[in-house]
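The following report describes one structure, with its sheet, a helix, a hairpin and a ligand shell taken in turn.

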Amino acid sequence: DGQVSPNELSPGLLDLHSFDTELLSEMEAPSTFNALSMDQFARGTSFGDPETYFGYGKQSGRARELPDINVMKSSTTDKDKPNNVAKIKVVVRKRPLNKKELTKNEEDIIQTQSNYLAVHETKLKVDLTEYVEKHEFVFDAVLNEEVSNDEVYQETVEPIVPIIFQQTKATCFAYGQTGSGKTYTMKPLPLKASRDILRLMNHTYRNQGFQLFVSFFEIYGGKLFDLLNERKKLFMREDGKKQVCIVGLDEYRVSDVETIKELIEKGNATRSTGTTGANEESSRSHAILQLAIKRSVIGNNSKPPKPVGKLSFIDLAGSERGADTTDNDKQTRTEGAEINKSLLALKECIRALDNDQNHIPFRGSKLTEVLRDSFVGNSRTVMISCISPSSGSSEHTLNTLRYADRVKSLSKGGISKK
Ligand code: ADP
Ligand code: MG
């Protein structure tokens, strides 16, 4: 019944360049992917109980990477060990209804409970009578409209901060349609993380030569721009060791929270000063803020510090922009195709990561190429899928949840390969 296509089972074999329209077609084929999530839903029984869900993960071979969230929080002895942090975590955040939606009398169609979420989609029968279709999902965590940015941080990034001191690269993405809360969600995270990183540097790892560096750039139409240096155009290069390097990217060494705050604000301000208006512009670009930990040999200042770990925060382009491939404007079409390609490639890379595949299809897009070094070796990924609660957004919301669901339901490919 087409629930899992052959390509889904072997993402590593995908030629991403020939799949520019896959994301688009996913958007147009809801029933297939909904069937997938329903199937998963049917296999778990009690969603109020995290044990059940993680038990289900165990059967599918992911349990070792999906520690119980509560255990993770309460553990004090092992929590700094990389193995105790889920390799991939998919979290959904629902924002409250906004004024505009309330004036239009739009309803909240999203029901949440623990890590379970249901979308109540109103549809029309052939005879034009209305009926409600219920779509159910389960994620690693579901954060409802009452959850604060502090709690979002605790659930997503806080657990991975300690392990970037241990040769780990971690990436946190915000995915969703424009207006769903990606920027609202992502903006506070790097500063909160910096605070924790500096605290570790000044206490646990005091006088051990660790240094913190900040860089901030965006990918717009497949090109790179430095957000901390007046949108200077940047180029990517691969060195002999296949290390990706962004030539000319400003990287600031920071040792206090205030400076980091200023840099982040500067980058955010630079991001939104486009020619076609702030919101329009930022919805078509991926903004990437990186916190890099390096280490210098104490007493030897002649050698450059060595990279230790990295934490990347990515405010992705609006997911609906990937569908701008039939627009009348040629530039919009090209940008849409690039966004479509990058969101698709991103999903494939995360899936490949979770399957421990040797081949990571990062060449599929500029975004994944830039993130290449975060996808190899010891890596962790957190995806925050942002959704609007309103009835008017049901289609985009379902597309976002299906994307998240497919990032998460990786073990299918893994099992078939074993
Ligand atoms: P996006 O970056 O996905 O386009 P934004 O982050 O700009 O969306 O959010 C759109 C609007 O909704 C903003 O005005 C933002 O302040 C508001 N908003 C988003 N998420 C929340 C939330 N969880 N609580 C309150 N307001 C929110
Ligand atoms: Mg935004």
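In which sense, and over how many bridges, do strand E3 and E4 pair? Strand E3 (residues 116-124) and E4 pair in the antiparallel sense over nine bridges, where strands are DSSP runs of E with at least two residues, helices are runs of H or I with at least four residues, and both are numbered from the N terminus; two strands pair if DSSP finds at least two bridges between them. This is a predicted model, in which local features need pLDDT of at least 70 and side-chain atom pairs count only at pLDDT 80 or more, whereas totals for chains, interfaces and linings use all residues. Residues are numbered from 1 along each chain as its sequence is written, and chains are lettered from A and ligands numbered from 1 in the order in which they are written.

The open sheet of three strands has the order E2-E3-E4, with antiparallel pairing, and its edge strands, E2 (110-113) and E4 (130-138), each pair on one side only.

Two bridge partners are listed here.

| Residue | Bridge partner |
|---|---|
| Tyr116 | Val138, in E4 |
| Arg237 | Cys245, in E10 |

Strand E9 (residues 232-238) is joined to strand E10 (residues 244-247) by four bridges and runs antiparallel to E10; the two form a hairpin with five residues between them, and Lys242 in the turn has a positive phi of about 60°.

Around ligand 1 there are 13 residues, the closest being Arg95, Gly181, Lys182, Thr183 and Tyr184, where a residue is near if its C-beta atom, placed from the backbone, lies within 6 Å. Helix H8 (residues 182-186) gives the most to this shell, with three residues.
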